[in-house]
Amino acid sequence: MTMPTMLGAETVAPDTTSLSSFLPVADLGVLAVNAFVIHAEQPILVHTGAAALRQPFLAALADAIDPSDLRYIFLSHMDADHLGNLDAVLALAPQAKVLTNFLGMAKMMLQERDLSRVSLIEPGSEIDLGDRRLVPLKPPYYDAPETTGFFDTKSRVLFSADAFGALLESPETEAAAIAPDALRDGMLGWAAIDAPWLATADGGKFGRLLRNIERLDPTAIVSGHLPVARGVTGRLTRNLNDALSGGTFAVPDHDTFERLLAEVAAAA
Ligand SMILES: [Fe+2]
Ligand SMILES: [Fe+2]
């Protein structure tokens, strides 16, 4: 796969639709880039996808929900892979407020984005969607300090932002269907890219974060960068525990960069 690819809207958990895409990552495989719609009493969109897939993303969103029904757009952090279509969605969703925390808002300000529709997530507060609450939490690793995940109190789905992501050989729709070794290697590779600081993290403290996730006993873990993970929480936490010391990432060289540019140009 050499070009970004949108898979479309798919139900992945109770009241939860994924808007999943895959992006090629140099010679390292493909990476899922997922957004989600939670069909709550007050519907919420989690992330807005990558700009490279704007039209297919908006089409998938329209398949999942009438965007004008959205009340919130949740941004876990301000990386381009998650807010690539923010302005386009805001234009289609005039009732929607953007949910982020203070640091996320500050980064939006630095990007000269419209802050008039931002609603801040205060420390210790929860997000009331009418029929459920989203309880904000810090994922076990992340690449930006504003990063916020959440636990859905009704569906018991855990949204982990960038954490639990994996580099894969090809697009998949279900983490449980990935061969265990491929899933482990892909998670270690992604963790080494996304959070190289894990190599210096305290193993005991990190292990307690992973145990806390196991105690939540989520019905599914939905990550920005992994196919939906149902029934494999223990496998995922064990893989992340291994990521403390096991991940490596060889940076592609300039010749690889030139070759990839040529491949993209040829495919366009
Ligand atoms: Fe990120
Ligand atoms: Fe990301």
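How far does helix H6 (residues 203–216) reach from its first C-alpha to its last? The close-up views below start with this helix and then move on through a predicted model.

**View 1. Helix H6 and the residue that follows.** Helix H6 reaches 20 Å from its first C-alpha to its last, close to the 20 Å expected at 1.5 Å a residue. The helix is made of 14 residues. Look at its surroundings too: H6 is hardly covered, and the count of buried residues among its 14 residues is one. Just after H6 comes Asp 217, which takes a positive phi of about 50 degrees.

**View 2. An open sheet of six strands.** Following the sheet across, you meet its strands in the order S8-S9-S10-S11-S13-S14. The pairing in this sheet is mixed. At its edges are strand S8 (127–128) and strand S14 (226–229), each of which pairs on one side only.

**View 3. Where S8 meets S9.** Here we step in to one edge of the sheet, where S8 and strand S9 (residues 133–137) pair in the antiparallel sense. Two bridges make up this pairing. To find your place, look for Ile 127, which stands opposite Leu 134 in S9.

**View 4. Two residues of helix H5, buried or partly exposed?** Helix H5 spans residues 180–194, and Ile 193 has its place there. Asp 185 lies in helix H5 as well. Asp 185 counts as buried because 20 other C-beta atoms lie within 10 Å, and 20 or more is the cut-off for that label. Ile 193 is partly exposed because the number of other C-beta atoms within 10 Å is 18. Some distances help to place these residues. Ile 193 and Asp 143 are 50 residues apart in sequence, yet their C-alpha atoms are 9.0 Å apart in space. Asp 185 and Ala 175 are 10 residues apart along the chain, and 13 Å separates their C-alpha atoms.

**View 5. The largest nonpolar core and Met 187.** In soluble globular proteins, nonpolar side chains tend to be buried together. In this model, the largest nonpolar core has 73 residues. The members that touch the most others are Ile 44, Ile 73, Met 187, Val 222 and Ala 229. Strand S3 (residues 30–38) gives this core its largest share, eight residues. Which residues does Met 187 touch, not counting those up to four places away in sequence? They are Phe 164, Ala 166, Asn 239, Leu 240 and Ala 243.

Definitions and conventions:
Residues numbered from 1 in each chain as written. Chains lettered and ligands numbered in written order. Predicted model: local features only at pLDDT ≥ 70, side-chain atom pairs only at ≥ 80, totals over all residues. Pairing = 2+ DSSP bridges. Helix = DSSP H or I, 4+ residues; strand = E, 2+ residues; numbered from the N terminus. Expected span 1.5 Å × (residues − 1). Buried ≥ 20, exposed ≤ 12 C-beta atoms within 10 Å, placed from the backbone. Core = buried A, V, L, I, M, F, W, Y, C linked by C-beta atoms within 7 Å. Contact = placed C-beta atoms within 7 Å.
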